[in-house]
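Trainee: Could we go through some of the labels on this structure together? I would like to see the reasoning behind each one.
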Amino acid sequence: MTVPVGAAAPDFALQDQYGQDTSLAALRGRPVLLVFYPLAFSGVCSGELADLSKRHRELTEFGAAVLAVSVDSVFALRTWSDREGFPFALLSDFWPHGRVADAYGVFDRERGTARRGTFLVDAGGAVRWSVLTAASQPRDVGEYLVRLRELA
């Protein structure tokens with residue numbers, strides 16, 4: 001079961017693709033779009049993050065921080081980010097393996113990866129919207145903008 005809307009978003013600290021610590025608590029005061037995805041370099045994930053990249057400016061116009069989280073290592077995320085030029089943090093939930101995805105209820109134990117879960121966390125740290133999407137289906141970045149407008 002995913003973290004319910006209205007509940008406090010579980011805090012975490014993970015390293016981004018540059019080895020820098022990123023914590024949810026440090027982002028209090030602004031909305032956070034938290035996007036869990038299965039694996040770097042995979043087809044659907046590549047398309048989704050490319051869409052996030054193209055619309056990143058629109059998302060940040062609402063003051064939102066965009067965090068993309070997978071179980072990939074920091075090294076794999078750095079390689080992918082350098083290749084694709086992602087303007088947002090790719091966070092490594094590598095070890096303990098999937099701990100943050102599990103805290104949000106989106107860890108797939110059979111595959112050992114995160115499922116396609118998205119959470120919009122408000123400036124106070126509460127989950128205001130979430131969606132769980134099938135592994136084979138890309139998410140709609142336009143929906144993120146709708147939800148951010150509603151939050152603003």
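Trainee: Why is tryptophan 80 called buried?

Mentor: In this predicted model, tryptophan 80 has a relative accessible area of 0%. Buried means under 20%, so tryptophan 80 counts as buried.

Trainee: And what makes phenylalanine 41 partly exposed?

Mentor: Its relative accessible area is 37%. Partly exposed covers the range between under 20% and over 50%, so phenylalanine 41 belongs there.

Trainee: Why is the pair of phenylalanine 41 and tryptophan 80 called tilted?

Mentor: The ring centres are 5.7 Å apart, and pairing needs centres within 6.5 Å. The planes meet at 40 degrees; stacked is under 30 and edge-to-face over 60, so this pair is tilted.

Trainee: Which parts of the chain does that pair tie together?

Mentor: Phenylalanine 41 sits in the loop between E3 and H1, and tryptophan 80 in helix H3 (residues 74-84), so the pair joins parts 39 residues apart in sequence. Both rings also belong to an aromatic cluster with Tyr37, Phe86 and Phe88.

Trainee: What makes the pair of tryptophan 129 and tyrosine 144 edge-to-face?

Mentor: Here the planes are 65 degrees apart, with 6.1 Å from centre to centre. Over 60 degrees counts as edge-to-face, so the label fits. Tryptophan 129 lies in strand E9 (residues 127-133) and tyrosine 144 in helix H5 (residues 141-151). Tryptophan 129 and tyrosine 144 are buried.

Trainee: What is notable about the phi of phenylalanine 41?

Mentor: Phi is near 70 degrees, a positive value in a residue other than glycine. Most residues other than glycine have a negative phi.

Notes:
Residues are numbered from 1 along each chain as its sequence is written. This is a predicted model: local features need pLDDT of at least 70, side-chain atom pairs count only at pLDDT 80 or more; totals for chains, interfaces and linings use all residues. Side-chain values use heavy atoms; hydrogens and water are left out. Buried means under 20% relative accessible area, exposed over 50%, partly exposed in between (1.4 Å probe, protein chains only). Rings of Phe, Tyr and Trp (its six-membered ring) pair if their centres lie within 6.5 Å; planes under 30 degrees apart count as stacked, over 60 as edge-to-face and the rest as tilted. Helices (H or I, at least four residues) and strands (E, at least two) are DSSP runs, numbered from the N terminus.
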